Amino acid sequence: MLHLLESRIVAAVSQHILIRYGLSTPVVLEQPRQSSFGEFALPTAFQLARELKKAPRAIAQELVDELPEIEGIRSFEVAGNGYINLRFDRAAFAAAVAAPPPAAPTGGKVLIEHTSINPNKAAHIGHLRNSILGDTFVRMLRAAGRQVNVQNYIDNTGVQVADVVVGFHFLEGKSLEDVRSLIETPRFDYLCWDLYAKVSQRYATDEALKAKRAETLHAIEAGHGVLAEMGALVADKIVNYHLDTMLRLGIVYDALPRESEILHLHFWAAAFELLKERKAIYLETEGKNKGCWVMPGSAFSDHREDEDSKVIVRSNGIVTYVGKDIAYQMWKFGLLGKDFYYRHLRTYADGHPLYVTSASPEGATPGISFSGNERVYNVIDSRQSYLQDVVQAGLRALGHPKEAENSIHFSYEMVALTPRTCGELGIELSDEDRARPYVEVSGRKGLGVKADDLIDKLIAAAQREVDSRNENEPEANRRQVAETIAIGALRYFMLKFTRPTVIAFDFQEALSFTGETGPYIQYAAVRAAKILAKAETSPALPADLGPILEDEELWQSLLAAFRTDTALALAINADEPAHMARYAFQLAQAYSNFYQKFPVLIETNPAKRDFLLWLTAAYRTQLVRTLDLLGIAVPAFM
RNA sequence: GGGGACGUAGCUCAGUUGGAUAGAGCGGCCGCCUCCUAAGCGGCAGGCCGGCAGUUCGAAUCUGCCCGUUCCCA
């Protein structure tokens, strides 16, 4: 609604400036710093001042005198040294906001790929940031009417899986049958976590073991033999663990594209031919990269010379990860001329299916494709930005500038640990590390906080709070509420930081449920629900709003309740879920203020009571909706 | 050596794309439950927006050069 009014103002003012001054200055609307200044401010006079060579204030006065009437706006006035402040027609705004128009679907297919954890060990907090960011952005885009598919890429044939197989087979002498029974034991993913760390450490001193690594990797890539079977068993089982962990956070997927199918369906071979044909890569004939197929450095970076070329195919004929990534990215846009087969893997509780890729039509569901997207978001941490640049350059060199433009590296900084938290976890730090602001999580060193452990710890902390406040509620309900609060706390914590900010993870901070946290926002929604449940009447807007809305505080409360669409548009435009999280907190703050100042149920003026109840319902709706965008549910009680 | 990100209150971070008196949470101090849930609300204290120069009517925001932290590529 607010959004609609904004575009109406922008259109009217731009039109006026074009006619009056013959200028097509972009009109910007701001929210005034002080609410007493009005609902919107136009800094347009400042922008015009330069071109018109007149004082901003004089231009502002001219505009105010001459601007036509705009539906929904009560007044314009000059303020400060040239601002134009706008005030709404309050009753009209309330009436319009009570009956909002439905959002229309827009745009083509969008693909978001997130999570993409190596299937060789349990997920950790760094992975949680990835998944929560990706999932939240999916929710935001869908709410804005976009058609979004969600993928979780599975590198089931990579070195990390190979390392765990090396551990089982060569270090511990386990047979295929041993592993087959081992994967059914509880917390197999934790067992792999430790084994992976152990193998990684061992490589440093054990050359013989390290030699087994390449052998194992080749066997897994080829896809047959005992080592390959063992790798498949491990990877499939760990993927299941990851899916379950993410499901605890309400995160689901549409498809799991796997590296094994990218290999077996020869995606790279098709891409290689195209890259050669379009001269995107060339065969190096001298220097250190002699015999390699390389992409010139100038193709992917303004600051690089051609000598800084990136090797795509090594001189021994082995393709690098970037090469395979280019092929895969081409598939995402439907530029490869190849597709996977898709096999049904599981059905989520809401009935929506999850597919995994397959190399043959046997057992596949016909008529499905996740290829051919218009826009692709890859949620990957910022350490990969160099490689993502190369992938993007690959598309450009192949003659697909539009697809390169629509390849978005949705990057974010890592989650590290504070030295204090390392201490709490019993991780020994060097003096050098202790002096650092944060310590990087490392799977190789087994250094990190496992996702499920963190979730369990959060639930336990929430459970203590819930139990102490709600003795009379049945235990099952209290458990349910504790889980909802824990997930709310975790998701909000991961979302409150903007993407380029390194999160120095600290248990004390993450376990806090007061202040700027998920539970604070949930609490606001619960309080509103309680009032609505206790009220005898159902909320309805009273006929005569005039006198009620003259109360400045009430008017500000009403305004604050209806900024969701504007906030969503801004957050999507900035590719920044943190903006949405921030808005959710501000909405909850606005409601908490309203709650404190205006006791609804004891209000004696009937019209005012109706209005307060109606506004409570409005806040409740907006809070639930905004929290849903963040993937946070509202508990039944708190 | 080259490139990216960051530097804002004691701590952790926002800052709507260059606008009015720089904000929030935590921590500290003071206050508010006879009244819809105190996981809440109000108040106070706390700032050379890393430094210097420049662009602009106007800079935390843009440009250049330094200093510091960090990631990546060699």
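**Exercise 1. Identify which residues are linked with Arg 187 in a network of salt bridges, and describe the surroundings of Arg 187.**

Arg 187, Asp 189, Arg 248, Asp 452 and Asp 456 are joined in a network of salt bridges, a salt bridge being a side-chain nitrogen of Lys or Arg within 4 Å of a carboxyl oxygen of Asp or Glu. The model is predicted, so that local features need pLDDT of at least 70 and side-chain atom pairs count only at pLDDT 80 or more, while totals for chains, interfaces and linings use all residues. Residues are numbered from 1 along each chain as its sequence is written, and side-chain values use heavy atoms, with hydrogens and water left out.

Step 1: within this network, the side chains of Arg 187 and Asp 189 meet in a salt bridge with an N to O distance of 2.8 Å.

Step 2: Arg 187 is partly exposed at 30% relative accessible area, whereas Asp 189 is buried at 1%; buried stands for under 20% relative accessible area, exposed for over 50%, and partly exposed for what lies in between (1.4 Å probe, protein chains only).

Step 3: Arg 187 sits in the loop between α7 (176–182) and α8 (188–203), where helices (H or I, at least four residues) and strands (E, at least two) are DSSP runs, numbered from the N terminus. Although Arg 187 is not a glycine, its phi is positive, at about 50 degrees.

**Exercise 2. Establish where the partners of the Arg 479–Glu 483 salt bridge lie, and do likewise for Arg 625 and Asp 565.**

Step 1: the closest N and O atoms of Arg 479 and Glu 483 are 2.9 Å apart. Both residues belong to helix α19 (residues 475–495), where they are four residues apart, about one turn of the helix. Arg 479 is partly exposed at 40% relative accessibility, and Glu 483 is likewise partly exposed, at 31%.

Step 2: Arg 625 and Asp 565 also meet through their side chains in a salt bridge, at 2.9 Å from N to O. This pair links distant parts of the chain, 60 residues apart, with Arg 625 in helix α26 (residues 606–629) and Asp 565 in helix α24 (residues 564–573). Arg 625 is partly exposed at 32% relative accessibility, and Asp 565 is partly exposed at 32%.

Step 3: a search of the whole structure finds 36 salt bridges.

**Exercise 3. Decide whether Asp 575 is buried or exposed, and describe its backbone.**

Step 1: Asp 575 is placed in the loop between α24 and α25 (577–597).

Step 2: with a relative accessible area of 16%, Asp 575 is buried.

Step 3: phi of Asp 575 is near 50 degrees, a positive value in a residue other than glycine.

Note on methods: Chains lettered and ligands numbered in written order.
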